[in-house]
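Please read the following walk through the model with the structure open beside the text. It moves from a pocket to the chain as a whole, and then to a handful of individual residues.

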Amino acid sequence: SQIQNKKILLKIGSICSCATMLAILFIADLSPWNMSLLMYATGFFMSSQSLVFVFAKNIVSYHLTATAIATANMIVNMSSYIQPLIGNNLARYHILYEAGSIHYGLKNWQASLVIIPIMLFASFILSFFLDESDNP
């Protein structure tokens, strides 16, 4: 069915974007071209996340479509609360001060940004619990 195909795309996109994000974070000796390729691949695979709006539309009855899409949009936008978490982790794990400025090392960025692949993996796990029925 169409919903099953979209569910497969969501799963593939979630796990592949998680894997490419982990590679970006933890493979330190990549060439600029390889890093660019990984960043492009991450963006490509993350584009499957917009399918949540299709699921929100297809799972509920017609008169609840706007409410379902608005709820999905609210949940997606709640991810903005992760940005201060990343900033706080980055500030907390700084290495040294030099002339009044803070310098961050690779470990600082890894510790701060690891939340992104964690959330992508959670998205992969949650995709198994999506309802597969069409619009009632």
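In this predicted model, helix H7 makes the greatest contribution to the lining of the largest pocket, giving 7 residues to it. The space within that largest pocket comes to about 1,100 Å³. Its lining is made up of 29 residues, of which Gln49, Val52, Ile75, Val76 and Ser123 are the closest to the centre of the pocket. The elements that supply two or more residues to this lining are H3, helix H4 (65-77), helix H5 (82-92) and helix H7 (115-126). When the lining of the largest pocket is sorted by class, 21 residues are nonpolar and 8 are polar, while no charged residues are found there.

With the pocket in view, the chain as a whole can be considered. Its secondary structure consists of 7 helices and 2 strands, and the order of these elements, read from the N terminus on, is α-α-α-α-α-β-β-α-α. The chain has 136 residues, and 29% of them count as buried. The surface that the chain exposes is about 8,900 Å², with 70% of it supplied by carbon and sulfur atoms. If one takes the contacts in the chain between residues at least 6 apart in sequence, 68% of these join residues that are at least 24 apart.

Among the individual residues, one may begin with two that sit in loops. Ile27 is placed in the loop between helix H1 (2-26) and H2, and once its neighbours within four places in sequence are left aside, Ile27 is in contact with Leu22 and Met35. Is Ile27 buried or exposed, or does it fall in between? Its relative accessible area is 38%, and because this value lies between the limits of 20% and 50%, Ile27 is classed as partly exposed.

The other loop residue, Ser48, is found between helix H2 (32-46) and helix H3 (51-59). Ser48 has a relative accessible area of 12%, which is under 20%, and therefore counts as buried. A polar atom of the Ser48 side chain lies 2.9 Å from the backbone oxygen of Phe45. Which residues does Ser48 touch when its neighbours within four places in sequence are left aside? Under that condition, Ser48 is in contact with Leu9, Leu10, Gly13 and Ser14.

The next residue to follow is Phe55, which belongs to helix H3. Its relative accessibility is 3%, and Phe55 is therefore counted as buried, the limit being 20%. Although Phe55 and Lys7 are 48 residues apart along the chain, their C-alpha atoms are separated by 8.7 Å. A further distance leads from Phe55 to Ile69, for the C-alpha atoms of these two residues, 14 residues apart along the chain, are separated by 8.8 Å.

Ile69 itself lies in helix H4, and with its neighbours within four places in sequence set aside, Ile69 is in contact with Phe53, Ala56 and Lys57. At 30% relative accessibility, Ile69 counts as partly exposed, because 30% is above the 20% limit for buried residues and below the 50% limit for exposed ones.

Thr65 is also placed in helix H4, and its contacts, again leaving aside the neighbours within four places in sequence, are with Lys57 and Val60. What does the accessibility of Thr65 say about its class? The value is 15%, and since buried means under 20%, Thr65 counts as buried. Lys57 therefore appears in the contacts listed for Ile69 and in those listed for Thr65.

Note on methods:
Residues numbered from 1 in each chain as written. Predicted model: local features only at pLDDT ≥ 70, side-chain atom pairs only at ≥ 80, totals over all residues. Heavy atoms only, no water. Helix = DSSP H or I, 4+ residues; strand = E, 2+ residues; numbered from the N terminus. Buried < 20%, exposed > 50% of the residue type's maximum accessible area, 1.4 Å probe, protein only. Polar contact = N/O pair within 3.5 Å; in protein donor to acceptor, adjacent residues only side chain to side chain. Contact = heavy atoms within 4.5 Å. 1 Å grid on protein atoms, 1.4 Å probe; cavity = no way out; pocket = protein on both sides within 12 Å on 5 of 7 lines; lining within 4 Å. Points joined across faces, edges and corners; volume = space filled by probe spheres on them. Nonpolar A, V, L, I, M, F, W, Y, C, P; charged D, E, K, R; others polar. Areas by Shrake-Rupley, 256 points an atom, 1.4 Å probe, with all protein chains shown as cover.
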